[in-house]
Amino acid sequence: MSSSTATRVAFVTGGAQGIGEAIALRLAQDGLDVAVFDIAGKEELLKAVTKKITDIGRKAIWIIGDVTNEESIKNGIAKAVEELGSLDVMVANAGIMHSKPVIEMTPEEWNKVLAVNATGIMLSYKHAGIQMIKQGRGGRIIGACSVAGKQGFPTAAAYSASKFAVRGLTHAFSQEMKPHNITVNAYAPGFIATPMLSGSNDDGHGEDATPGQKTAQPSVVADLVSYLALPNSYFVNGQIISVDGGWIYQ
Ligand SMILES: NC(=O)c1ccc[n+]([C@@H]2O[C@H](COP(=O)([O-])OP(=O)(O)OC[C@H]3O[C@@H](n4cnc5c(N)ncnc54)[C@H](O)[C@@H]3O)[C@@H](O)[C@H]2O)c1
């Protein structure tokens with residue numbers, strides 16, 4: 001990444017709450033200006049997050065959009081670049097949970113989960129890559145995987161499949177971006193205390209607690225992302241890094 005002293009800019013999808021909010025605030029504390037992006041209906045939460053970022057002393061904007069819609073993520077990045085000056089760190093964090101046995105699942109339910117958690121991350125990666133290549137000074141692209149992207153769990157087939165897709169995408173894209181000094185990594189959390197885990201963002205299903213597995217606060221993920229976003233993390237590339245308290249060993 002550039003040795004320029006210009007303030008770096010992060011873009012966080014699903015930045016209105018939970019892990020995305022914690023990452024946005026942590027990157028602001030690290031000195032980055034931040035654009036937070038989330039779906040319609042999250043305006044008040046997004047405003048509150050941008051207020052917290054400006055209270056930290058960084059610039060912030062909030063953008064309504066949908067990661068499953070290519071024009072939406074493309075325009076969102078363009079707005080961030082126009083208002084904040086560049087795009088240096090993409091955190092493709094937006095995701096949805098879904099719990100259902102496969103024998104009860106409809107193609108529509110399956111496709112919805114894959115659209116947000118896999119296609120949405122691909123589109124976020126793609127347009128971040130295009131912008132960072134144009135800038136010519138490297139960058140950091142970081143995506144949301146999960147323990148469920150390392151092992152399948154009962155009633156989590158669509159979610160697991162979508163997170164396995166993030167692994168393959170991250171491995172492939174990291175190699176495509178290597179010549180541009182852009183690293184591409186993903187975080188794979190265990191149970192993190194967010195609205196997703198409590199089920200309020202899950203069409204009423206929620207995630208079943210796995211016995212013996214503890215829940216951590218979103219800051220454990222934000223701390224990892226803080227490192228992956230650093231210029232000095234350049235030698236960590238194409239990795240899917242578990243932050244799960246020692247649950248899945250791969
Ligand atoms: N909480 C956990 O235990 C856990 C564990 C492993 C992985 N993850 C992953 O971490 C990420 C963040 O999870 P969280 O727990 O903070 O979830 P959350 O439900 O609290 O927040 C997710 C955010 O993404 C937004 N979002 C959903 N669909 C979107 C779309 N199409 N476009 C833009 N934004 C959209 C939601 O509105 C929400 O604000 C997700 O990808 C999730 O799969 C979470």
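Axes are lines fitted to C-alpha atoms, and the angles between their N-to-C directions run from 0 to 180 degrees. In this predicted model, helix H3 lies across strands E1, E2, E3 and E4 and runs at about 160° to E3. Those strands belong to an open sheet of seven strands with parallel pairing. The points below treat the sheet, strand E1, the helices that lie across the strands, the salt bridges and the surroundings of Ser160.

**Sheet architecture**

- The strand order in the open sheet is E3-E2-E1-E4-E5-E6-E7, and the pairing is parallel.
- E3 and strand E7 (240–243) form the edges; each has a single partner strand, so one side of each is left without a neighbour in the sheet.
- Direction ignored, neighbouring strands of this sheet are turned by 20° against each other on average.
- E2 and E3 are joined in the parallel sense by five bridges, and Asp38 has Ile64 as its bridge partner in E3.

**Strand E1 and its partners**

- Strand E1 covers residues 9–13, and five of its five residues are buried.
- Side chains leave E1 in two directions: Val9, Phe11 and Thr13 point one way, Ala10 and Val12 point the other way, and all are buried.
- E1 pairs with strand E2 (residues 33–38) in the parallel sense over five bridges, with Val9 standing opposite Asp33 of E2.
- Between E1 and E2 the chain passes through helix H1 (residues 18–29), and this β-α-β crossover is right-handed.
- E1 also runs parallel to strand E4 (residues 89–92), to which three bridges join it; Val12 has Val91 as its bridge partner in E4.

**Helices across the strands**

- Helix H2 lies across E2 and E3, and its direction is at about 165° to E3.
- Helix H3 lies across E1, E2, E3 and E4, with an angle of about 160° to E3.

**Salt bridges**

- The whole structure holds ten salt bridges, and the pairs described here are among them.
- Asp223 and Arg26 meet through their side chains in a salt bridge, with an N to O distance of 2.3 Å. Asp223 belongs to helix H7 (residues 219–228) and Arg26 to helix H1, so this pair ties together parts that are 197 residues apart in sequence.
- Asp223 has a relative accessibility of 40% and therefore counts as partly exposed. Arg26, at 24% relative accessibility, also counts as partly exposed.
- Asp33 and Arg58 form a salt bridge in which the closest N and O atoms are 3.2 Å apart. Asp33 is in strand E2, while Arg58 is in the loop between helix H2 (43–56) and strand E3 (60–64), so the pair ties together parts that are 25 residues apart in sequence.
- Asp33 counts as buried because its relative accessibility is 3%, whereas Arg58, at 25%, counts as partly exposed. Asp33 is also the residue opposite Val9 of E1.
- A salt bridge of 3.2 Å, N to O, connects the side chains of Asp88 and Arg137. It links distant parts of the chain, 49 residues apart: Asp88 is in the loop between helix H3 (70–84) and E4, and Arg137 is in the loop between helix H4 (107–135) and strand E5 (139–144).
- Asp88 is buried, with a relative accessible area of 2%, and Arg137 counts as partly exposed at 22% relative accessibility.
- Arg26, Asp30 and Asp223 are joined into one network by salt bridges that share partners.

**Surroundings of Ser160**

- Ser160 is a residue of helix H5 (residues 157–177).
- The relative accessible area of Ser160 is 5%, so this serine is buried; the cut-off for buried is under 20%.
- With residues up to four places away in sequence not counted, Ser160 touches Ala148, Gly149, Gln151, Gly152 and Phe153.
- Ser160 and Ala144 are 16 residues apart along the chain, and their C-alpha atoms are separated by 12 Å.

Note on methods
Residues numbered from 1 in each chain as written. Predicted model: local features only at pLDDT ≥ 70, side-chain atom pairs only at ≥ 80, totals over all residues. Heavy atoms only, no water. Buried < 20%, exposed > 50% of the residue type's maximum accessible area, 1.4 Å probe, protein only. Helix = DSSP H or I, 4+ residues; strand = E, 2+ residues; numbered from the N terminus. Pairing = 2+ DSSP bridges. Right-handed = clockwise from strand over helix to strand, strands pointing away. Salt bridge = Lys/Arg side-chain N within 4 Å of Asp/Glu carboxyl O. Contact = heavy atoms within 4.5 Å.
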